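Visitor: Before we start, I would like each label to be backed by its cut-off. Please show me the model.

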Amino acid sequence: MAIDKARDDSGRGRGTQLTLNPISCHAHGICAELLPEVITLDEWGYPIITSSRVPAELIKDARRAAAACPSLALKLVKSR
Amino acid sequence: MTTSFTSAPYLGPNPPNGPHRLLAGWVQHRRGSDWTEHTARYGPLPLPRRLRRGGNQQLIQLVERSGLRGRGGAGFPTARKLAEVAAGRKPSLVIANGCEGDPASNKDRVLLRIAPHLVLDGIEAAAHAVGAPQAVLCLHQNDPLAQHLRAAIQQRPHTPLLPEVVEVPPHYVASADSSLVNLLTHGTARPGPRRPRPSERGVRGRPTLVDNVETLAHLALIARYGDAWFRGRGTHDAPGTTLVTINGAVQSPGVYEIDLGTPLSEMLRLAGGTAQPLRAVLLGGLAGHWLALPDMRALPLTDQACRQVGASLGIAALIALPIGACGLAASARILHYLASESAGQCGPCMFGLPAIADDLSAIATGQANHSHAQRLWRRLQVISGRGACAHPDGAVNLAASALRVFADDLDAHLAGQPCPGAAYPFPLPIPPDRPSLRPDRSLLTKEMSHGNRQSA
């Protein structure tokens, strides 16, 4: 009885992806402010990455969001 | 024709042919076996004299042909894990996991108590298979088993592969494989991310084999009697026997050894049957899946069959719920326990699990309505997959299966009419409240364990 996840994994494996380290994340919430198209906050203030593939036009903003994270929990990775 | 990994017929006693392989000594003598009885029953472990750094490919291939899968809950193919560790370049390490953090499961404790030498043989065989110069056996702190295993180790002929017994804080998540790796590396038994796997990079970056003690016991027998013998019981996709803990409304709760593929009804019969009709069974430990009865009575105990009905085998433990009991109330209690056992590292788990536990409690006591139920469903979707380890997912799966299997009860509860059973909590194997892991995370540190030196 798999629960449908809130995230969309359809873009996995191509292009640039946002990854979150849930242990480092302390719910500062800056990422969701800088990249609202891709990151929303759950009711407890923790980020939900709604699409793991970042569209090309948002990569600059995604980079800014990752750099702004005080815990360095958010990372932008190019997939192989 | 059985091919042992030494390519010679086994010269010890005949293999156990009945349904009891791990529990053969217990069934005969009604007590545990010491070293003398163990070697008389099973014969010597046919290992080469010297450990080779690259491991033993013959043994790994034998395990692969046998189809052995892990008995710790994940069901990972054992040979694949052995091969990964053997392929590593740094000196590897074997960790035997005897912690059994899920309170619904008792089989590892029983195995360690009555057949410690099977487990110790398995550790030795696994170390040979991967070429590990060092082994560790993890048990819960303050458990009399630690003393028992140390004494069993003393009975054995000395080899460098005798494991060190390491005691682990008795928390639910502390017995995950990444937790044990973290304990031995950093001193704190907190779970970590799934990648890299311990078999690639584990304790201090070394390839680490983490196997459940029952898996290792089966390995000890496969090394002796071969793959064809192992496959003589169970099914093609789920070969061998497994230990299962049967709890709840059965006449003779306890640990039983069964062939994989045994139907649920047969397991209940083995456990003495039931005094009253059953409503459902919780399979896979506390963070498992509910299975409705009588619908699921013919379900064979294999992971494949369980997945076909939306469940998974997990750790082989059953809790039988009678008709008079309230499955929603029982699930709420379990969720509160799972919430209290969060390591407190990840927000969705740390905050989400108490929230859904409260939701289910409100539903169980008839204080919730349909919009609360919808919010609970949304929360389940939001929490799933967003923790570093599998703990929140297990809790979410339990809650989801409760809402589905007890859907009729749910409607009544949401209409403000909880079933009578909700007022009478069904006894569950949940330990009494003890200090939570949060906010004082020092409860997870190794400093609390007694008399253990730092491992390498």
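Guide: A polar contact is a pair of N or O atoms within 3.5 Å, one able to donate a hydrogen and the other to accept it. The model shown is predicted. By that rule, four residue pairs are in polar contact between chain B and chain A, both residues at pLDDT 80 or more. On the side of chain B that touches chain A, α13, α14 (370–383) and α15 of chain B each supply at least two residues.

Visitor: How many residues does each chain bring to the contact, and what area is buried between chain B and chain A?

Guide: Chain B gives 31 residues and chain A gives 14 residues. The buried area is about 1800 Å², with 64% of it from carbon and sulfur atoms. Gln381(B), Arg386(B) and Arg404(B) supply 28% of the area that chain B buries against chain A, more than any other three residues.

Visitor: What makes the pair of Arg386(B) and Asp42(A) a salt bridge?

Guide: The rule asks for a side-chain nitrogen of Lys or Arg within 4 Å of a carboxyl oxygen of Asp or Glu. For Arg386(B) and Asp42(A) the N to O distance is 2.9 Å, so the pair qualifies under the limit of 4 Å. The rule finds two salt bridges across the interface of chain B and chain A.

Visitor: How many salt bridges does a search of the whole structure find?

Guide: The search finds 21 over all chains. One of them joins Arg65(B) and Asp227(B), at 3.4 Å from N to O. Arg65(B) lies in helix α3 (residues 57–66) of chain B and Asp227(B) in helix α9 of chain B, so this salt bridge ties together parts that are 162 residues apart in sequence.

Visitor: Why is Asp227(B) called buried, and why is Arg65(B) called partly exposed?

Guide: Buried means under 20% relative accessible area, and partly exposed lies between that and 50%. Asp227(B) has 13% and therefore counts as buried. Arg65(B) has 38% and therefore counts as partly exposed. Helix α9, where Asp227(B) sits, covers residues 213–230 of chain B.

Visitor: What is the polar contact distance between the side chains of Asp227(B) and Arg65(B)?

Guide: The distance is 3.4 Å, and the polar limit is 3.5 Å. The pair thus carries both labels, polar contact and salt bridge.

Visitor: How do you know that Glu84(B) and Arg197(B) form a salt bridge?

Guide: Their closest N and O atoms are 2.7 Å apart, and the limit is 4 Å. The pair links distant parts of the chain, 113 residues apart: Glu84(B) is in helix α4 (residues 78–86) of chain B, and Arg197(B) is in the loop between α8 (177–186) and β4 (208–212) of chain B. Glu84(B), at 22% relative accessible area, is partly exposed. Arg197(B), at 25%, is also partly exposed.

Visitor: Are Glu214(B) and Lys107(B) buried or exposed?

Guide: Both are buried. They form a salt bridge whose closest N and O atoms are 2.9 Å apart. Glu214(B) belongs to helix α9 of chain B and Lys107(B) to helix α5 (residues 107–114) of chain B, so parts 107 residues apart in sequence are tied together. Elsewhere, salt bridges with shared partners join Glu43(A), Asp359(B), Arg375(B) and Arg379(B) into one network.

Visitor: How do you know that the span of helix α12 of chain B agrees with what is expected?

Guide: The expected span is 1.5 Å times one less than the number of residues. For the 14 residues of α12 (residues 327–340) of chain B that gives 20 Å, and the end C-alpha atoms are 20 Å apart, so the two agree.

Visitor: What makes α12(B) mostly covered?

Guide: Eleven of its 14 residues are buried, among them Gly327(B), Ile334(B) and Tyr337(B). The buried residues of α12(B) pack against several elements of chain B, including β7 (278–283), β8 (289–292) and β9 (317–322).

Visitor: Why are β7(B) and β8(B) called paired?

Guide: Pairing needs at least two bridges. β7(B) and β8(B) have four, in the antiparallel sense. They form a hairpin with five residues between them, and Gly284(B) in the turn has a positive phi of about 105°. Leu283(B) stands opposite His289(B) in β8(B).

Key. Residues numbered from 1 in each chain as written. Chains lettered and ligands numbered in written order. Predicted model: local features only at pLDDT ≥ 70, side-chain atom pairs only at ≥ 80, totals over all residues. Heavy atoms only, no water. Buried < 20%, exposed > 50% of the residue type's maximum accessible area, 1.4 Å probe, protein only. Contact = heavy atoms within 4.5 Å. Buried area = accessible area lost by both parts, 1.4 Å probe.
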